[in-house]
Amino acid sequence: MLSAILKENDFSSELFEEGSYGTFLRHLASKGGRSGQLEGIYQIQQYCHDRDFPKTDEGAEIEMIFRSLYNEDIIEEDAFIEWKDDVGNPTPGKMKAIIQVKLLSSSLVHHWELFQTTEWLVWLEEAEEEEDDEEDEVE
């Protein structure tokens with residue numbers, strides 16, 4: 001479903017807000033539970049893989065999509081972390097989704113520029129750990 005929405009619309013963070021597809025996707029994600037959310041993440045991975053992981057001035061499109069889905073409470077942090085740790089799913093492009101590498105060349109030197117979802121995923125895991133610690137203190 002997510003890939004179909006993305007194929008029909010140019011990505012913008014507003015795409016997943018209330019009044020657009022946000023309410024509908026939130027409903028689907030809650031009905032599908034964790035497995036439905038994981039399926040959505042893999043659809044995004046496939047969508048970005050098919051488009052050779054596009055980048056914008058703001059960064060890697062896959063990270064922007066992930067952030068929007070997380071910020072709009074469509075996909076929960078646990079699903080993103082489970083996706084990151086899952087090595088068994090056959091959807092192509094997993095490694096490139098996590099760390100995107102682009103060869104930049106100049107007249108004298110070639111450098112590697114890393115576009116990463118890794119920093120965001122680390123932040124997400126740390127936020128979850130802090131939340132767990134706060135819950136433990138309340139109990």
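**View 1. Aromatic pairs across the predicted model.** A search of the whole structure, a predicted model, finds 7 aromatic pairs. One of them joins Tyr70 and Trp120. Their ring centres are 6.0 Å apart and their planes stand at 80 degrees, so the pair counts as edge-to-face. This contact links distant parts of the chain. Tyr70 belongs to helix α3 (residues 61–71) and Trp120 to helix α6 (residues 118–138), with the two positions 50 residues apart. Both Tyr70 and Trp120 are buried.

**View 2. Tyr70 with Trp123.** Tyr70 also forms an edge-to-face pair with Trp123. Here the distance is 6.0 Å centre to centre, with 85 degrees between the planes. Again helix α3 meets helix α6: Tyr70 and Trp123 are 53 residues apart. Tyr70 has 17% relative accessibility, so it counts as buried. Trp123 is partly exposed because its relative accessibility is 43%.

**View 3. The ring cluster and a lysine.** Ring pairs join Phe66, Tyr70, Phe80, Trp83, Trp120 and Trp123 into a cluster. One member, Trp83, has Lys94 over its face. Lys94 lies 5.0 Å from the ring centre.

**View 4. A nonpolar surface patch that includes Met1.** Met1, Tyr21, Phe24 and Leu28 make up a nonpolar patch on the surface. Together they have about 340 Å² of accessible area. Met1 sits in the segment before α1 (2–8). Its relative accessibility is 46%, so Met1 counts as partly exposed.

Notes:
Residues numbered from 1 in each chain as written. Predicted model: local features only at pLDDT ≥ 70, side-chain atom pairs only at ≥ 80, totals over all residues. Heavy atoms only, no water. Patch = residues over 30% accessible without salt bridge, like charges linked within 9 Å, V, L, I, M, F, W, Y side chains within 5 Å. Areas by Shrake-Rupley, 256 points an atom, 1.4 Å probe, with all protein chains shown as cover. Salt bridge = Lys/Arg side-chain N within 4 Å of Asp/Glu carboxyl O. Helix = DSSP H or I, 4+ residues; strand = E, 2+ residues; numbered from the N terminus. Buried < 20%, exposed > 50% of the residue type's maximum accessible area, 1.4 Å probe, protein only. Phe/Tyr/Trp six-rings, centres within 6.5 Å; stacked < 30°, edge-to-face > 60°. Lys NZ or Arg CZ within 6 Å of the ring centre and 35° of its normal.
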